[in-house]
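Q: I would like to learn how to read a model of this kind, feature by feature. Could we take the general idea each time and then turn to the case at hand?

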Amino acid sequence: MINEEAKLNPNIFPSDCAVDESDFEMKAIREGFGEGLLAAGELDENVVGLCADLVESTKMNLFADKFPNRFIEIGVAEQNLVTVASGMAAMGKIPFVSSYAMFSPGRNWEQIRTTITYNDRPVKIVGSHSGISVGPDGGTHQAIEDIALMRVLPRMVVISPCDAIEARKATIALAKTKDPTYIRLAREKTPVMTTEETPFEIGKAQIFFDSSHDGKNPDVGIIATGALLHKALVVAKTLSNDGAMVRVMNLHTIKPLDTDAILKLARETGALVTVEEHQIAGGMGSAVAEYLAEHHPTPIEFVGVRDQYGQSGTPDELIEHYSMGVSHIKEAINKVIKRKK
Amino acid sequence: MSAEEIKHLQKKANDIRISLIEALIEAKSGHSGGPLGMADIFSVLYFKEMKHDPKNPEWEERDRLVLSNGHICPVLYSAMAHAGYFPVEELKTLRKFGSRLQGHPHREYLPMLENSSGPLGSGLSQAVGMALADRIDGKQNDRIVWCLTSDGEHNEGNTWEAVLLAGKEKLHNLIQIIDRNYIQIDGNTEEIMPLDPFVEKYKAFNWHVIEINGNDILDIIRGIKEARSVENKPVIIVADTVPGKGVSFMENRYEWHGNPPGKGPEDVVTKDKQGEVALKELRAINF
């Protein structure tokens, strides 16, 4: 069931598999980033932080308080945020720039393209408050296009951690690379699935759950990214209790894609469901589909936002309304299994 | 400053002009007006003021030069070639397939560039970032970050975001030189999007402003000397330049902003003669 090698939190499933989030250890992914940046700053004095008037919200405050000389408050100016960072990177700094994902990389895409990826500078773009579960702030503040915007850029690494612990590890890891990187964070508290012992390597997908047995291949594979991974795991556990064989992959690195792992999953399951809090167009599922269409055509059902904007509501209401809840993942699984040849 | 030295810099500026015109004739596309107007400033920077070593482009202690308005790169390439970064002959590959001299500067192709540019309005921010990085490292008195900008790109919000930040951070190790030639693609800057009172705007943003004649070697040197002495403020040198400087039929004509010889207005010189006449005029200048 739970892949022991992943060394996950033993309490990720409630006894009855109902998704009542009060049952889980909860922590915001952005908190993990804040802790990770502080740790990265302690490890390397070239790490600098720049923020567009959202120091507290994006959890850069831990770093800014500890290293005031290495922190630059840019003000509400996201175009300047990334271009100033490009200049600092040119001088050997490793800049982390944070804002809400809707504004960075939402507003400053061309500056990111020209001065960071085209220019090949190791700037780390931190997009907090991504996804529709930003909630009551409404559609203007719900970035559900950011993965598409970033993964289309040559050289850009795209990371979408599933929980706070993974976000901390990812932040520390990407401070050590020379790649321009986008890391996607979420505002609300979400279940902590991983532990300190869970392995993390940029570009390496992980199997978190597998209920296949007796040497048989699973009936279906689920590939999830970000906090929705937890719902995917709950669905997998529920279906497995009814006898289905399901394998679940955590795809925290959307670019570069772990094509070996995806190919293996596609070959062994013959049917996939992708799950992400993002537009289906251009998102993680698209990346998986682009690869498999060329190398191993496989039936895929996509769980994500279908060409719509969000609105105000609680995260749970919005996830349900935009068809990314437990029932929708189940439905996608049933559909894709029927499509198997 | 001896008369000899001034003559030397004037001669270098003219060499830069001749080579960039030759490159544009070969390229059959590209910008003429801005590069010609800025040649004197590039001459002073590359042959007098800038701390750099063409034989060791990665020298860590070098000054940094950020060209924000990347479309005037023919003058940058020409100045670099004459300074010894690469052969002058290579200028004739400008804009051609496989060339290191891309239509707009790209440091993947020419790594000795400090930045890739072209899309307007983001160079000043990068220069601010460089100046900030030097301050963090305690090197703010060791070198200058030069940033060359245009008046057209002062239509961009990104430019003003950088102006605000540089003023806030009091970056005296940053010197911006703006090519205030009053033209942009669609016409006169004051008709397209008025920038005046330009000097007062910068003063209000807490910059030190120096006005110079950007086609007068001595005045350029005077302006830079003053700029180096400023403490606690970023500096902008507002260079009044003549677009198309040195070629009579191009001077002060916005139609020459984005055209090479052979593609410009024909009311004075016909297209087939534009390159020839331009080179003839430049080569006839005596020093």
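Q: Which strands of chain A does helix H7 lie across, and at about what angle does the helix run to S11(A)?

A: Before the answer, a caution: this is a predicted model, and local features are read here only where pLDDT is at least 70. Helix H7, residues 229-241 of chain A, lies across S9, S10, S11 and strand S13 (272-279), and its direction makes an angle of about 170° with S11(A). Since angles are taken between N-to-C directions on a scale from 0 to 180 degrees, a value of about 170° means that H7(A) and S11(A) run in nearly opposite directions. Helix H8 (residues 259-269) of chain A can be read in the same manner: it lies across S10, S11 and S13 of chain A, and also runs at about 170° to S11(A).

Q: In what order do the strands of that open sheet in chain A stand, and which of them are at the edges?

A: Strands of a sheet pair through backbone hydrogen bonds, either parallel or antiparallel. Here five strands of chain A form an open sheet in the order S9-S11-S10-S13-S14, with mixed pairing. Strand S9 (206-210) and strand S14 (300-305) of chain A each have a single partner strand, so they stand at the edges and one side of each is left without a neighbour in the sheet. From one strand to the next, the twist averages 20°.

Q: How many bridges join S10 and S11 of chain A, and in which sense do these strands pair?

A: Strand S10 (residues 220-224) and strand S11 (residues 246-250) of chain A are paired over five bridges in the parallel sense. Within that pairing, the residue of S11(A) that A:Ile222 stands opposite is A:Val248.

Q: Are the faces of strand S7 in chain A covered or open, and which strands pair with S7(A)?

A: A strand can be read by asking which residues point to each side and whether they are buried, a residue counting as buried if 20 or more other C-beta atoms lie within 10 Å of its own. In strand S7 (residues 181-184) of chain A both faces are covered, with A:Thr181 and A:Ile183 buried on one side and A:Tyr182 and A:Arg184 buried on the other. Strand S5 (residues 124-128) of chain A pairs with S7(A) in the parallel sense over four bridges, and in this pairing A:Lys124 has A:Thr181 as its bridge partner. Strand S6 (residues 157-159) of chain A also runs parallel to S7(A), joined by three bridges, and A:Val158 stands opposite A:Tyr182.

Q: What does a record add for this part of chain A?

A: An unreviewed UniProt entry lists residues 27-192 of chain A as "domain: Transketolase-like pyrimidine-binding". Over that range the chain is 37% helix and 19% strand, and the end C-alpha atoms are 6 Å apart.

Q: Is A:Leu318 buried or exposed, and which residues does A:Leu318 touch?

A: A:Leu318, found in helix H10 (residues 315-321) of chain A, is buried, because 24 other C-beta atoms lie within 10 Å. Not counting residues up to four places away in sequence, A:Leu318 touches A:Ile132, A:Ser133, A:Gly135, A:Gly310 and A:Gly313. A:Gly135 is 183 residues from A:Leu318 in sequence, yet their C-alpha atoms are 7.2 Å apart in space.

Q: Turning to chain B, what span should helix H4 have, and how many of its residues are buried?

A: The 14 residues of helix H4 (residues 123-136) of chain B should span 20 Å at 1.5 Å a residue, which agrees with the 20 Å between its end C-alpha atoms. H4(B) is mostly covered, with 12 of its 14 residues buried, among them B:Leu124, B:Val128 and B:Met130. Just after H4(B), B:Gly138 takes a positive phi of about 70°.

Q: How many residues does each chain give to the contact, and which element of chain B gives the largest share?

A: Chain B gives 23 residues and chain A gives 25. On the side of chain B that touches chain A, H4 and helix H5 (157-169) are the elements that give two or more residues, and H4(B) makes the largest share, 10 residues.

Q: What radius of gyration would a compact globule of 287 residues have, and what is found for chain B?

A: The expected value is near 19 Å, and chain B has 18 Å, which agrees. Chain B holds nine helices and seven strands, and 51% of its 287 residues are buried.

Technical notes:
Residues numbered from 1 in each chain as written. Chains lettered and ligands numbered in written order. Predicted model: local features only at pLDDT ≥ 70, side-chain atom pairs only at ≥ 80, totals over all residues. Pairing = 2+ DSSP bridges. Contact = placed C-beta atoms within 7 Å. UniProt positions renumbered as here; feature names shortened; annotations may be inferred. Expected span 1.5 Å × (residues − 1). Rg over C-alpha atoms; globule rule 2.2 N^0.38 Å.
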